[in-house]
Amino acid sequence: MGERELGVVMLPSKFLKKEIEEYIEYVASLGFKHIHTSLGFAAIAGMLGYLHPKLKSISNSIYPIVKEDSIEGLIQMNKIAEKNGMMVNLDTSPLIFEALGASPENLKPFADMGFYSIRLDWGFSIEDTVKMTKNEYGLKIMVNASDFFPEDVRNLVDSGAEVENLIAGHNLYPRPETGLTLDFLISRSKPFKEYGIKVAAYVASTNSVTPFQAMGMPTLEKHRFMEPGRAAEELFATKVIDIVVMGDVFAGKEELKSMSEVAKRDYVKVRVKALRNLLKEEEEIAFNKLHVNRRDAPPGRFIRSNAGR
């Protein structure tokens, strides 16, 4: 079993430096390695003008203000992350590239700001992606695992992409009923795993302090209101997910701790409900022993321990 890695989502703001620093220090102490971020409200404000011409004037008036706050906040957050041994991934688009003066041939602005990787959300071709994997700064390039068909993955690799600089990351889905199914996630992740490319997915908080995330920010719909430790357990158990990221900002400490406990295990913890009162010997066997599923156990029907009767 490969190393299980954890991450959190954090939106930058120079006005929340103290809260962000305390949160990063806490998750780092639990073994979290990754921070996924974006230009936050600056990205939303800038997008308004792209969505509809009538929104262009609104976009032009508020974008410079929130852009300045977000960029200053990102620089502060990257310094805090580096101090705590964490790696920061920036969600990007052509709009973000334009705002920071970057291009597929020039990723220096991202390197100068201290990012470990950038995620290509939309608007980039396979050719653009291949160029970026060959950047001189060692930046990792994350592609959208939810949107890539198996043939897209093969095309990317066959076109000369530097596989060691590639990561795949699924989407998170804030709107109910839009999340992926488990089967879909596995089918879209397997092609990346065939090339040894790490894959990331998101789980949701059940008590995030941010009200606009009340419906959770998971990758799988079934995980929307599930305790994040249990959700992380299922994602890791698929063997196609290497990195599990808390999708909600400022998740509860106990939730983060439960994820940390899952990541430190090299086995799957199965929750059991006894249908009758058990003898002490039976309780010991059922709840305190490590069990290995028999190789001939019918998949999907039940788990059959190979321990002797």
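**Salt bridges, a covered strand and a surface patch**

Glu105, Glu127 and Lys131 are joined to one another in a network of salt bridges. The model examined here is a predicted one, and its salt bridges number 14 in total. Within the network, the side chains of Lys131 and Glu127 meet with N and O 3.9 Å apart. Both residues belong to helix α6 (residues 126–133), where a spacing of four residues places them about one turn of the helix apart. Glu127 is exposed, at a relative accessible area of 53%, while Lys131 counts as partly exposed, at 33%.

A pair with the same kind of spacing can be found in helix α1: Glu22 and Lys18 are four residues apart there, again about one turn of the helix. Their salt bridge has its closest N and O atoms 2.7 Å apart. Lys18 is exposed because its relative accessible area, 54%, is over the 50% cut-off. Glu22, with 43%, is partly exposed.

A further salt bridge links Glu3 with Lys33, and here the closest N and O atoms are 2.6 Å apart. Glu3 sits in the segment before β1, whereas Lys33 is found in the loop between α1 (17–29) and β2 (34–37), so this pair ties together parts separated by 30 residues in sequence. Glu3 is exposed, its relative accessible area being 51%. Lys33 has a relative accessibility of 29% and is therefore partly exposed, since this value lies between the limits of 20% and 50%.

Attention now turns to strand β7. This strand spans residues 198–203 and is mostly covered, five of its six residues being buried. On one side of the pairing scheme, β7 is joined to strand β6 (residues 166–169) in the parallel sense, over three bridges. One of the residues involved is Ala168, whose bridge partner in β7 is Val199. To get from β6 to β7, the chain passes through helix α8 (residues 182–193), and the resulting β-α-β crossover is right-handed. Strand β7 also pairs with strand β8 (residues 243–246), likewise in the parallel sense, this time over four bridges. In this pairing, Ala201 stands opposite Val244 of β8.

What does helix α9 pack against? The helix, residues 228–237, is mostly covered, with seven of its ten residues buried. The buried set consists of Pro228, Gly229, Ala231, Ala232, Glu233, Leu235 and Phe236; the charged Glu233 is thus listed among the buried residues of α9. Together, the buried residues of α9 pack against β1 (5–9), α8, β7, β8 and α10. Two of these partners have been met above: α8 carries the chain from β6 to β7, and β8 is paired with β7.

The surface offers a contrasting picture. Val268, Val270, Val272, Phe287 and Ile303 form a nonpolar patch there, with a combined accessible area of about 470 Å². Val268 is placed in the loop between α10 (253–264) and α11 (280–288). Its relative accessible area of 41% makes Val268 partly exposed. This value also clears the cut-off for membership of a patch, because patch residues must have over 30% relative accessible area.

How values were computed
Residues numbered from 1 in each chain as written. Predicted model: local features only at pLDDT ≥ 70, side-chain atom pairs only at ≥ 80, totals over all residues. Heavy atoms only, no water. Buried < 20%, exposed > 50% of the residue type's maximum accessible area, 1.4 Å probe, protein only. Helix = DSSP H or I, 4+ residues; strand = E, 2+ residues; numbered from the N terminus. Pairing = 2+ DSSP bridges. Right-handed = clockwise from strand over helix to strand, strands pointing away. Patch = residues over 30% accessible without salt bridge, like charges linked within 9 Å, V, L, I, M, F, W, Y side chains within 5 Å. Areas by Shrake-Rupley, 256 points an atom, 1.4 Å probe, with all protein chains shown as cover. Salt bridge = Lys/Arg side-chain N within 4 Å of Asp/Glu carboxyl O. Contact = heavy atoms within 4.5 Å.
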